[in-house]
Amino acid sequence: MKHNLIRQALQAATTAAVVGEESGDDTEVIGNVVVGDDSDGLDEHLKSTYAGLRWDFIDAWMWDLVTQLPRVKYVAPEEMPNRITATFHGDPGTRRAFTWYQDIAMVEPGAILSTDPSFPEDATLTVEAEASTSNEGEAFYRVVVTGLTPGLTYYYRVGDTFTGKWSDTGTFETADGEDDFSFITITDTQARGGASEAVVSANTIAEALRTAPDAEFIVHGGDVVQTSEEENDWIELFGYAQESLLATTIAPVSGNHDAGTDEFTQHFALRAVNGQDTTTGVYYSYDYNDAHFVMLNTNEGRDGHNATDMSDQDYEPISDAQLAWIEEDVEQALARGAKWIILTTHKGPYTAGAHAADPDILSLRDRLVPLIDELDVDLVLQGHDHYWTRTEELASDPDSPVRAKRLKSDVITEVIGGIKIDYKVDQRGTVFVTPGTAGSKHYGQMQGIAEGDAPFGNEEYLDLFDRLGGGVRFSSNSYESFLEVLVTDGRLTVNRHEVGSNDKASFAEGFGIDRGITPVDEQLAALPKAAGIKLTDEPAVAAARAAVRTLTKAQRAHLAHLDRLEAAEAALGELHGTASSDGSDVAWADPEATERQPLTVTNDQRRDLADVPVRLQIAHTPEVPADTFALATSRSVPVPFEIETWAPGGTSVVWAKLDELPKRSSQVVWAYFGGRGATTNDPRDVWSRQFALVEHFANSASSGDVLVDATGRAAGTLVGADLESASGSAAGLTGGGTARFDGSRLQYGGNIGKNTREFTLSVVLSMTPEDVAGLTGGMGTLVARKAAGEDDPALQLGIRKADGLVQTLTPSAARPPRSRRTANRTSSR
């Protein structure tokens, strides 16, 4: 009743009465006006009085329900919102849902959202929450937010919108509907009562977000906690992982350990479809840009069987209604244009830990696998078995004891930063993956399943797999792990990371699916033969060349019709008069150019180079604008380039990317000046995927400026003094950009160099004798790499004060290994 009276009083207040002209004896507290006496006509016992005077009830003040007055904000820990999750609830571009628990006398439960983390009054959305009571008698709240704008970063808080007892700020990113994206996959955090297991699982989640800071959400494969009916399991895990959970959106499926009656839906707000029974979990789906995600509930069994007992295996997972929904849902997604189909299921048909021969798993092979095959699902993410596995690409085979057969696609291999990733080209079957476990419970290979125990031969079954267990060196299964999945139009890349005994993640291996080669090859095959080339074919030839340049060396090597493009380019050169049929003359690739120079590039190494940027110094640069410059091969094929410095009359520096440069060989490229330029050139094309950061220091900047590097993938903020750049000859690199750092630094965010076992740092730097003499320590650090949240850099490069030589420092010792509570725990499967 009291709350209703307060609400009525607030609703009755008018704007005029709130604002007023007189403020009485004012006192400034934290920048806000405090009403002193009653002569101003304002009611000091109404929150609206203070809100009208723009008091900050987000961070500075809260409303005291006892005194009916504001007080400096302090929320006791037990009053704070907790167990907060942000989930998809339909379209990830326009909707989000939130669930939380809070032990206070709630007046107006809700959430506030804004694209500004300060939550300004004129740009903040307030959404009312629905209050419910959990199985344990606690109050919990759900909010579903609609009408969000795609492609934006939002900030939010949940709590009591009236008293101002808010959570810490969370954040998420809405899908933009078109761009490449990445997400994280974890499974079986399965923390149980007691902090130690929750700490392990929470650290895995934190390491995943640190390793993949651009990941837009986390897919959880189920078994979030050990015993869903034990609320302390949820409290422990969500408490230790709360900071991480506030930094992302989670898309979970229910595991058998999450299947207690209504427990899953009391911690995750998800959009149930198809009139389903949500007692043990929820099945749902969502489109995220070009990918469609199908999330199953394997606790919902056939013929109305709900497996609320975590040890229940004697049933057929997935109801007939859910199977029918999967088929209809995926077919509709494909009709909408989905390019990738990713299915997540807790109990999976192809794992190789302790559950491979369980009756419920055998049922999935009989009933789910044929449908997965029929729908051309690309990737199945599984949980339950706590053992890292990856199958070959599989197709359903009902007559086989293992109910599947291996298919074989061509494979290309990329090696970047010491990492080898195999991509199946136009994969025809489905790959089933179990990420291992994000928690402390681990299984061994076919644990407890002796030969003859299962209705199939163990070796025949294991022959379906491409990876079985293994750590960073494929020798163990004792560490937590997670997957980072990158999704583009032409590629699906899955990188697996392990969290070692020092609690830090390291890259273990990667694999993927490549669909970028075939469309380009078809584009090449569609070109006319050289004998039939006409000038009107030039746009198609140029487009084909541009498409080829988007491919990596490994992808280009797989093209079957690249020679057709090269023949077409040569034929066009003859038609333009820029090339001769016998190659005896090198005619002008740019007929409008006023001058050209041959530039010789030599590879004196004992290995071939591919996709290599080369630094070209152009002495006596003609007096023409930079936008009239172009580069071409002797066959008039355009060469991608980036201009570092342009100095008419002096020495200019240009970086060019050559597709191939054989060992012990030279190649001539032609520089054209004063012509039509290179209107289709993109300087970022020079720096292929193996370059994470390239900065030339060729442009001056002011403090606070954000400088995007040459790759277009890294952005650094200038901190401290302004930076003045000029062309110079540092270390003999005539004409290059130089900058003197004096009380400033260029600071890059994100995880630069991630997904690499090794990386190369190349930098040209120098210090004056006065600089060296002024060093206060033993070394002047000029380049440093530090992980977020860490006090000390993991890498420092600088110049020693003693002798002026360059020195590199790395940590002298790793952290001692943490104590693990359990390993290979097998009880309560």
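1. Let me start with E393, which sits in the loop between strand 21 (389–391) and strand 22 (394–396). Please keep in mind throughout that this is a predicted model. E393 is buried and yet has no salt bridge. The nearest side chain of opposite charge belongs to K424, 4.5 Å away; the cut-off for a salt bridge is 4 Å.

2. What does the side chain of E393 meet in a polar contact? The partner is the side chain of S409, at 2.6 Å. Leaving aside residues up to four places away in sequence, E393 touches K405, R406, L407, K408 and S409, and also K424, Q427, R428, G429, T430 and V431. If you check the protonation or charge set-up of this site, these are the neighbours to have on screen.

3. D233 makes a good companion case. This residue is in helix 5 (residues 231–240), and D233 too is buried without a salt bridge. For D233 the nearest side chain of opposite charge is that of R192, 7.5 Å away. A polar atom of the D233 side chain does lie 3.0 Å from the backbone nitrogen of T227.

4. Now to the salt bridges, of which the structure holds 35. One of them joins the side chains of D320 and R367, with 2.9 Å from N to O. D320 belongs to helix 7 and R367 to helix 8, so this pair ties together parts that are 47 residues apart in sequence. The two ends differ in burial: D320 is partly exposed, with a relative accessible area of 40%, whereas R367 is buried, at 14%. The pair also belongs to a network of salt bridges that links R302, E316, D320 and R367.

5. A second bridge brings together the side chains of D463 and R406 (3.2 Å, N to O). D463 is in the loop between helix 10 and strand 27, while R406 is in strand 23 (residues 404–406), so the link spans parts that are 57 residues apart in sequence. D463 counts as partly exposed at 45% relative accessibility, and R406 counts as partly exposed at 41%. R406 is also one of the residues that E393 touches, which connects this point to the opening ones.

6. A third example is the salt bridge between R684 and D682, where the closest N and O atoms are 3.0 Å apart. R684 is partly exposed, with a relative accessible area of 47%. D682 counts as partly exposed as well, at 22%.

7. Which residues of helix 8 (residues 359–367) are buried? They are D360, I361, S363, L364, R365 and R367. The cover over these buried residues includes helix 7, helix 9 (369–374) and helix 10 (458–462). Helix 7 thus appears here as cover, and also carries D320, the salt-bridge partner of R367 in helix 8.

8. On to the sheet: 7 strands form an open sheet in the order 17-18-19-20-26-21-27, with mixed pairing. Strand 17 (284–288) and strand 27 (465–468) are at the edges and have a single partner strand each, so one side of each lacks a neighbour in the sheet. From one strand to the next, the twist averages 15°.

9. At one edge, strand 17 runs antiparallel to strand 18 (residues 291–295), and 5 bridges join the two. Within this pairing, Y288 stands opposite A291 in strand 18. Helix 7 (residues 320–336) lies across strand 17, strand 18 and strand 19 (340–345), and runs at about 170° to strand 18.

10. Strand 33 (residues 630–633) deserves a look too. In a regular strand the side chains alternate between the two faces of the sheet. Here both faces are covered: A630 and A632 are buried on one side, and L631 and T633 are buried on the other. Strand 33 pairs with strand 36 (residues 665–673) in the antiparallel sense over 4 bridges, and T633 stands opposite V669 in strand 36.

11. Finally, the overall picture. The chain has 15 helices and 44 strands. Of its 829 residues, 50% count as buried. Among contacts between residues at least 6 apart in sequence, 68% join residues at least 24 apart.

Notes:
Residues are numbered from 1 along each chain as its sequence is written. This is a predicted model: local features need pLDDT of at least 70, side-chain atom pairs count only at pLDDT 80 or more; totals for chains, interfaces and linings use all residues. Side-chain values use heavy atoms; hydrogens and water are left out. Buried means under 20% relative accessible area, exposed over 50%, partly exposed in between (1.4 Å probe, protein chains only). Lys and Arg count as positive and Asp and Glu as negative; His and the chain ends are not counted. A polar contact is a pair of N or O atoms within 3.5 Å; within protein, one must be able to donate a hydrogen and the other to accept it, and residues adjacent in sequence count only if both atoms are side-chain atoms. Contact means heavy atoms within 4.5 Å. Two strands pair if DSSP finds at least two bridges between them. Axes are lines fitted to C-alpha atoms, for helices over the stretch in contact, and angles run from 0 to 180 degrees between N-to-C directions.
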